[in-house]
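Please open the model in your viewer and keep the selection panel at hand. The tour goes from one selection to the next.

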Amino acid sequence: MDHTNGGSPTDRRALLAASVTVVLWASAFVSIRASAPHFHPGALALGRLLTASIVLGLLFVLRGGTLPDRRAWPGILASGVLWFGVYMVALNWGEELVDAGTAAMVVNIGPIVIALLGGWLLKEGFPPMLLAGMAVSFLGAVVVGWSMSGHGSSSVTGVLLCLLAAVTYAGGVVAQKPALRYASPMQVTTFGCFAGTLACLPFAGLMLDDLAEAPWSATLNLVYLGLFPTALAFSTWAYALARTSAGKLGATTYAVPAVVVLISWLWLSEVPGWMTLLGGVVCLVGVAVSRLPGRRKPAAREAPEPGRQTA
């Protein structure tokens, strides 16, 4: 990286794309929470994905897109089912039971899971700081779960569903990274969205019933989720992921919970309790610890050349 000019143009574009993703994904937590009373979790996921698929499909055709290389398909399909499909259903369900800020803090354990899966599946190793960060984040998740237990078993279930969302989000990112070696960000996002839509088709009947009864505000929320936090934000994410490592990009999502709490407070008048906030902060500290560089071994000294003086 060229430090004299603040980084290469590619680095700056990737950072800008990641920033767009962070803001839009933060807004999604609040929008989901607002829509939860009017849509079943699977119905909301399918409506969101159908909206995004229509937009991405039209753009793909208008830009003369081609099918991805066959080597990209395993990663596209896996990320589509896990991230676009299971993740969205689990998150929607979880947000029926916990507030948007709590959901965002628990889901933000995802970067640690990304690093863990990367070490296992992508052979990136298991640095000691990663294992330490996992332990800290697990403690934070326990605190969040304990703080929500006073609100009944449904809130604990909500936290567990958000943990499931974190795991499937991480699995989707790890599956998506290799696919981007053989396909463009547009191809990976578009066909991943198609795969998630197909996986959610069993909820079509529920979606039609919910659409018939939901107020216009909830339906507009559904359309917003499909257009911006899905079609646009997943595209900017794939663009950035193609230009940086999964671990580094995952770190950009640290800001999501803070933005969610702010938006949720302004829009829904929801703020997590102090113990829940404490647990969420512990989760984020664990994520930050996991990204710290480990101790490097001192470089071996070269033997001095004959006749060469050393300091």
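The stops below cover a helix pair, a salt bridge and a surface patch in this predicted model.

**Stop 1: two helices**

Select residues 41-62, which form helix α2, together with residues 216-241, which form helix α10. The two helices pack with their axes 8 Å apart, at an angle of about 55°. Angles from 35 up to 65 degrees fall outside the parallel and perpendicular classes, so α2 and α10 count as oblique to each other. Turn the view until one helix lies in front of the other: the crossing of α2 past α10 is right-handed.

**Stop 2: the salt bridge**

How many salt bridges does the structure hold? There is one. To see it, select Asp-69 and Arg-71 and show their side chains; the closest N and O atoms of this pair are 3.1 Å apart. Are the partners buried or exposed? Asp-69 has a relative accessibility of 28% and is classed as partly exposed. Arg-71 is also partly exposed, at 48%. Both values lie between the 20% limit for buried and the 50% limit for exposed.

**Stop 3: the nonpolar patch**

Now switch to a surface view and select Leu-262, Trp-265, Leu-266, Val-271 and Leu-277. Together these residues make a nonpolar surface patch of about 500 Å². Which element gives the most to the patch? Select residues 256-268: this is helix α12, which contributes three residues, the most of any element. Trp-265 is placed in this helix, α12.

Technical notes
Residues numbered from 1 in each chain as written. Predicted model: local features only at pLDDT ≥ 70, side-chain atom pairs only at ≥ 80, totals over all residues. Heavy atoms only, no water. Patch = residues over 30% accessible without salt bridge, like charges linked within 9 Å, V, L, I, M, F, W, Y side chains within 5 Å. Areas by Shrake-Rupley, 256 points an atom, 1.4 Å probe, with all protein chains shown as cover. Salt bridge = Lys/Arg side-chain N within 4 Å of Asp/Glu carboxyl O. Helix = DSSP H or I, 4+ residues; strand = E, 2+ residues; numbered from the N terminus. Buried < 20%, exposed > 50% of the residue type's maximum accessible area, 1.4 Å probe, protein only. Axes fitted to C-alpha atoms, helices over the stretch in contact; angles between N-to-C directions. Parallel < 35°, antiparallel > 145°, perpendicular 65-115°, else oblique. Left-handed = near helix turned anticlockwise from the far one by under 90°.
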